[in-house]
Each structure stands twice: as structure tokens, then as C-alpha cells.
Amino acid sequence: MDNNIKYGNPNFNPLEQSRERADKGLTALDTEKISLPFIQQSLQYPISEYADPVIATWHKEKLAIHQQKPYIEAATLVPLIQTTHGLELLLTRRSLHLKKHSGQISFPGGRVDQEDASAEQAALRETLEEIGVESQFIQVLGALPDFFTGTGFVMKPFVGILQDGYQLSINRNEVEEVFTVPLSFVLNPSNHYLHHIRETDASSPLKQYFSIPYHDYFIWGATAAVIRNFYYKLARL
């Protein structure tokens with residue numbers, strides 16, 4: 001696993017926390033469900049309640065906080081690429097010099113600015129700023145459920161397919177590298193883990209997060225949770 005990830009708290013390393021497989025009662029998606037036509041169809045349906053019981057609990061707790069003190073809106077693009085081997089998911093690794101979340105795996109995205117016409121437009125703008133893909137080469141297929149992060153943001157993810165002709169131009173101030181993962185791998189619950197941690201002592205509240213290790217990449221936290229929501233979105237149809 002990559003040891004260049006920084007986590008803010010020097011006493012906390014997400015790679016070392018206790019974990020269990022998160023595939024109980026779940027099965028891999030049929031091949032047809034990991035196809036562009038099926039994904040397009042599924043994202044046309046309204047977003048329903050969270051199917052994953054763990055994320056549903058998190059959402060309920062965070063929503064109560066959000067109603068008292070609103071979270072900051074952020075938007076991300078979940079970029080898909082059609083290859084001869086099937087669909088792949090494009091991810092970024094944040095620059096190592098960043099003060100927050102350096103080296104972590106994420107989607108292109110960031111805070112929704114006042115000037116943005118919508119959260120979707122913010123996701124497209126951030127994608128251009130971070131990896132240089134222009135919006136004319138992105139077909140937005142639909143949205144996934146919001147996800148409340150532990151850092152005070154409500155993440156609004158939009159799934160998009162990158163069209164032929166797109167060019168990558170990585171902003172090295174924000175992104176260390178761009179890589180792809182087979183969509184069939186990240187959407188297979190047998191590759192998902194649920195971690196448990198108490199931040200200080202045994203009396204502290206139990207905290208949890210998902211992870212999806214892939215070769216030397218450790219996909220975890222909000223990014224893994226959004227992928228988990230993506231799985232449930234497709235599995236329920």
C-alpha cells in the first residue's frame with residue numbers, strides 16, 4: 001500500500017485499522033449491469049433512500065446536524081471511460097504537498113462556488129481545473145446520492161462518461177496522478193471492506209469507513225462510500 005498518504009492526525013492510519021469484508025448478503029453485479037446502457041437507464045430513476053444500512057445510519061446522523069448547521073456543498077464527477085475491456089473508473093491521487101488529504105484517492109471535484117450555476121456545473125468546472133477535461137467531452141448520465149463527509153461537506157456526485165477526443169492536462173498543484181480501475185472491480189462488494197476505529201479510547205464513539213484496496217492504491221472514506229452507493233444504485237434494478 002502507498003505510504004505517502006497523509007491523514008491529518010499523525011496517530012491515525014486508515015490502512016492499519018481493524019476491518020471486515022463488507023459483502024455479507026451481497027453479490028457481484030451481472031455483466032449487463034456494468035454496461036453503459038444499463039447505467040444510463042438506472043440513473044434516470046429518482047434517487048431513493050440509502051440501501052446500505054451503514055451509510056443510511058451515517059446519513060441520518062449527519063442530516064440532523066446539517067439541518068442545524070448546514071454543511072458546505074461540494075460536487076464531484078465520477079468519470080467513466082469506455083475501453084475495449086469494458087468500463088473503467090477514473091480516479092485521482094491528490095498532490096503530496098497539500099496540507100489536507102494529501103495523497104488520498106478522490107474524484108475530480110471541490111466546493112460549489114457562488115458563481116456556479118449548479119452543483120453539476122461545479123463538478124465539470126473542477127474537473128477541467130484539476131485534470132483538464134473540457135465539459136464538451138463529458139456526458140453527464142445522472143447523480144448519485146449525496147454523501148456527508150466527516151470534514152463538513154455534503155458531496156454531490158455526478159456520473160459522467162468521457163467521450164472520444166478528451167485530453168488530460170493534470171494540475172500538479174492539486175493532483176499527483178490520474179489512474180483508472182476496472183468498474184467491475186470497484187463495484188464488486190467482495191472487494192469492499194468496512195473499518196472500525198475508536199479515535200481516542202474505548203469510551204469514544206465507534207467510527208466506521210469503507211475501503212476498496214486496488215493494487216498499490218487505497219481507496220477509502222468518502223470516495224469508497226460513493227462507489228458503494230453506486231453499487232447499490234445498480235444492484236437494486
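**Exercise 1.** Which side chain meets that of Arg228 in a salt bridge?

*Solution.* In this predicted model, the partner is Asp52, whose side chain meets that of Arg228 with an N to O distance of 2.6 Å. The next step is to place the two residues: Arg228 belongs to helix α5 (residues 222-235), while Asp52 sits in the loop between α1 (36-42) and α2 (53-68), so that the pair links distant parts of the chain, 176 residues apart. Finally, Arg228 and Asp52 are both buried.

**Exercise 2.** Work out whether the length of helix α3 agrees with the span expected at 1.5 Å a residue.

*Solution.* Helix α3 covers residues 119-131, and its 13 residues should span 18 Å at 1.5 Å a residue. The C-alpha atoms at its ends are 18 Å apart, which agrees with that expectation. Just after the helix, Gly132 takes a positive phi of about 80°.

**Exercise 3.** Trace the salt bridges that Arg125 forms with Asp116 and with Glu129.

*Solution.* Begin with Asp116, where the closest N and O atoms of the salt bridge to Arg125 are 2.8 Å apart; because its relative accessibility is 15%, Asp116 counts as buried, the cut-off being under 20%. Turn then to Glu129, whose salt bridge with Arg125 has its closest N and O atoms 3.2 Å apart. Arg125 and Glu129 both lie in helix α3, four residues apart, which is about one turn of the helix. Glu129 is partly exposed, with a relative accessible area of 38%. As a last step, salt bridges with shared partners join Asp113, Asp116, Arg125, Glu126 and Glu129 into one network.

Terms used
Residues are numbered from 1 along each chain as its sequence is written. This is a predicted model: local features need pLDDT of at least 70, side-chain atom pairs count only at pLDDT 80 or more; totals for chains, interfaces and linings use all residues. Side-chain values use heavy atoms; hydrogens and water are left out. The expected span of a helix is 1.5 Å times one less than its number of residues. A salt bridge is a side-chain nitrogen of Lys or Arg within 4 Å of a carboxyl oxygen of Asp or Glu. Buried means under 20% relative accessible area, exposed over 50%, partly exposed in between (1.4 Å probe, protein chains only).
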